[in-house]
Amino acid sequence: MTIHPIQEADTTNAAPYDTIWTSQEVPVQPPDALERTMLAQDKLYVVLAVVLIIWIGLAAFVLRTDRKIDRLERKLDASISQETSPE
Amino acid sequence: MPVSGKTYRRIRNIVLAWLTLVALAGFLLDIPRINILEHTARNLYFHVPMWFTMMAAFFVSAWRSGQYLGSRDPLRDTQALEAARVGAAFGVLGLATGIVWARFTWYVGQGIWWNFDPKQTMAAVQLLIYGAYFTLRSSVEEPEKRGRIAAVYNLFAAACVPFLLYALPRQMDSLHPGAEGNPAFSDITHPTMRVVFYAAVIGFIGLFWVFYTQRVRLATLKERVEDAFRT
């Protein structure tokens with residue numbers, strides 16, 4: 001019994017993002033140096049790249065928060081010294 | 001303050017230890033090998049939680065904006081702003097990691113980084129909508145007026161999330177799971193991977209909470225300092 005009849009995909013008017021996948025000749029380019037590196041070890045380096053991006057992004061976020069704290073500290077110090085300094 | 005310093009430090013330490021375990025599990029546990037994906041299936045633990053965290057952050061932000069409209073308490077406005085900021089940071093990380101993942105799986109042999117996959121495109125649009133929120137805030141000087149306008153806009157921005165990230169991409173030919181013709185996440189994911197994945201989502205949302213609390217404390221402190229020395 002067929003519940004959902006599978007329709008043959010019409011590729012004549014396919015949008016750019018799926019033409020790659022409906023065509024049979026993938027891959028079309030020989031792997032370049034970057035791909036040879038990243039595809040080694042069953043693509044584990046891709047995971048490494050993703051984790052590093054997240055790590056660097058989160059670290060940058062922490063550093064930005066720290067810079068805000070520094071600025072506030074300097075401001076506070078300047079205000080205090082202004083108040084206590086004699087006229 | 002909503003939480004005491006002691007509670008904050010305790011949750012922060014738990015979150016950091018938790019995420020360390022998630023990273024270890026993410027790399028060390030065995031996963032089924034699938035063509036094209038291979039080891040990059042592990043990105044499920046790192047790339048996807050970025051988006052879950054972003055959505056949680058935007059939900060918190062919208063919630064605080066709603067509270068601001070009800071109470072006109074400046075703290076609520078600060079909370080909405082900081083939640084949106086942290087959420088946008090997670091969104092940018094999700095986009096960047098997605099580009100790298102796609103380059104070496106979907107677009108291998110094509111040499112392209114970006115091909116307007118509907119989900120990617122809509123996520124970028126969503127980030128631009130939040131970019132407009134920050135720009136809008138900086139264009140109004142008067143705090144009361146700024147808070148009100150920003151809160152109303154923020155509710156609109158949050159209302160776009162389910163449409164841009166779920167409804168639309170699922171109607172189109174996206175390569176992401178759950179789109180037209182692709183099975184949804186829950187149908188295809190190995191049980192071990194699901195456990196680590198949910199742990200990662202909880203961990204990163206916890207990390208959002210840490211950053212968010214930190215920045216709200218800082219912003220409140222800044223207000224207090226400015227008030228104290230405004231003479």
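A residue counts as exposed when its relative accessible area is over 50%. A:Q41, at 55% relative accessibility, is therefore exposed in this predicted model. The residue sits in helix 3 of chain A, and its phi is near 55°, a positive value in a residue other than glycine. Chain B offers a companion case in B:E38, which is also not a glycine and has a positive phi, near 50°. B:E38 belongs to the loop between helix 1 and helix 2 of chain B, where it is partly exposed, with a relative accessible area of 22%.

With these two residues as a way in, the overall make-up of chain B can be introduced. The chain contains 7 helices and 0 strands, so that a walk from the N terminus reads α-α-α-α-α-α-α. Of its 231 residues, 47% count as buried. Among contacts in chain B with a separation of 6 or more, 71% are made by residues 24 or more positions apart.

Two buried residues of chain B give a closer view of such surroundings. B:T40 is found in the loop between helix 1 (5-28) and helix 2 of chain B, and its relative accessibility of 0% is why it counts as buried. Leaving aside neighbours within four places in sequence, B:T40 touches residues of both chains: A:D42, A:K43, A:V46 and A:V47 on one side of the list, and B:W101 and B:T105 on the other. In the case of B:T105, the C-alpha atoms lie 8.1 Å apart in space, while the two residues are 65 apart in sequence. The second example, B:S65, is part of helix 2 of chain B. B:S65 has a relative accessible area of 1% and is buried; beyond its neighbours within four places in sequence, it is in contact with B:A80, B:A151 and B:N154.

The meeting of the two chains can be followed through a pair of helices. In general, two packed helices are described by the angle between their axes and the distance between the axes. For helix 3 (residues 40-84) of chain A and helix 3 of chain B, the axes come within 9 Å and cross at roughly 155°. Angles over 145 degrees count as roughly antiparallel, and the two helices are therefore roughly antiparallel to each other. Their crossing is right-handed. On the chain A side, the contact is made by A:V46, A:A49, A:V50, A:I53, A:I54, A:G57, A:L58, A:F61 and A:K68. On the chain B side, the contributing residues are B:E82, B:R85, B:V86, B:A89, B:F90, B:L93, B:A96, B:T97, B:V100 and B:W101. By character, the residues of this contact divide into 14 nonpolar, 2 polar and 3 charged. B:W101 and A:V46, both listed in this helix contact, also appear among the contacts of B:T40.

Charged side chains add another set of links. Over all chains, the count of salt bridges comes to 8. One of them joins B:E144 and B:R72, with N and O 3.3 Å apart. B:E144 lies in helix 5 (residues 143-171) of chain B and B:R72 in the loop between helix 2 (47-71) and helix 3 (74-103), so this pair ties together parts that are 72 residues apart in sequence. Both ends are partly exposed: B:E144 has a relative accessible area of 33%, and B:R72 has a relative accessibility of 34%.

A further salt bridge connects B:R137 with B:D77, their closest N and O atoms being 2.8 Å apart. Because B:R137 lies in helix 4 (residues 118-138) and B:D77 in helix 3 of chain B, the pair ties together parts 60 residues apart in sequence. Here both B:R137 and B:D77 are buried.

B:E82, already met as a residue of the helix contact, forms a salt bridge with B:R215, in which the closest N and O atoms are 3.0 Å apart. The pair links distant parts of the chain, with B:E82 in helix 3 and B:R215 in helix 7 (residues 191-228) of chain B, 133 residues apart. B:E82 and B:R215 are both buried. Finally, salt bridges that share partners bring A:D32, A:E35 and B:R103 together in one network.

How values were computed: Residues numbered from 1 in each chain as written. Chains lettered and ligands numbered in written order. Predicted model: local features only at pLDDT ≥ 70, side-chain atom pairs only at ≥ 80, totals over all residues. Heavy atoms only, no water. Salt bridge = Lys/Arg side-chain N within 4 Å of Asp/Glu carboxyl O. Helix = DSSP H or I, 4+ residues; strand = E, 2+ residues; numbered from the N terminus. Buried < 20%, exposed > 50% of the residue type's maximum accessible area, 1.4 Å probe, protein only. Axes fitted to C-alpha atoms, helices over the stretch in contact; angles between N-to-C directions. Parallel < 35°, antiparallel > 145°, perpendicular 65-115°, else oblique. Left-handed = near helix turned anticlockwise from the far one by under 90°. Contact = heavy atoms within 4.5 Å. Nonpolar A, V, L, I, M, F, W, Y, C, P; charged D, E, K, R; others polar.
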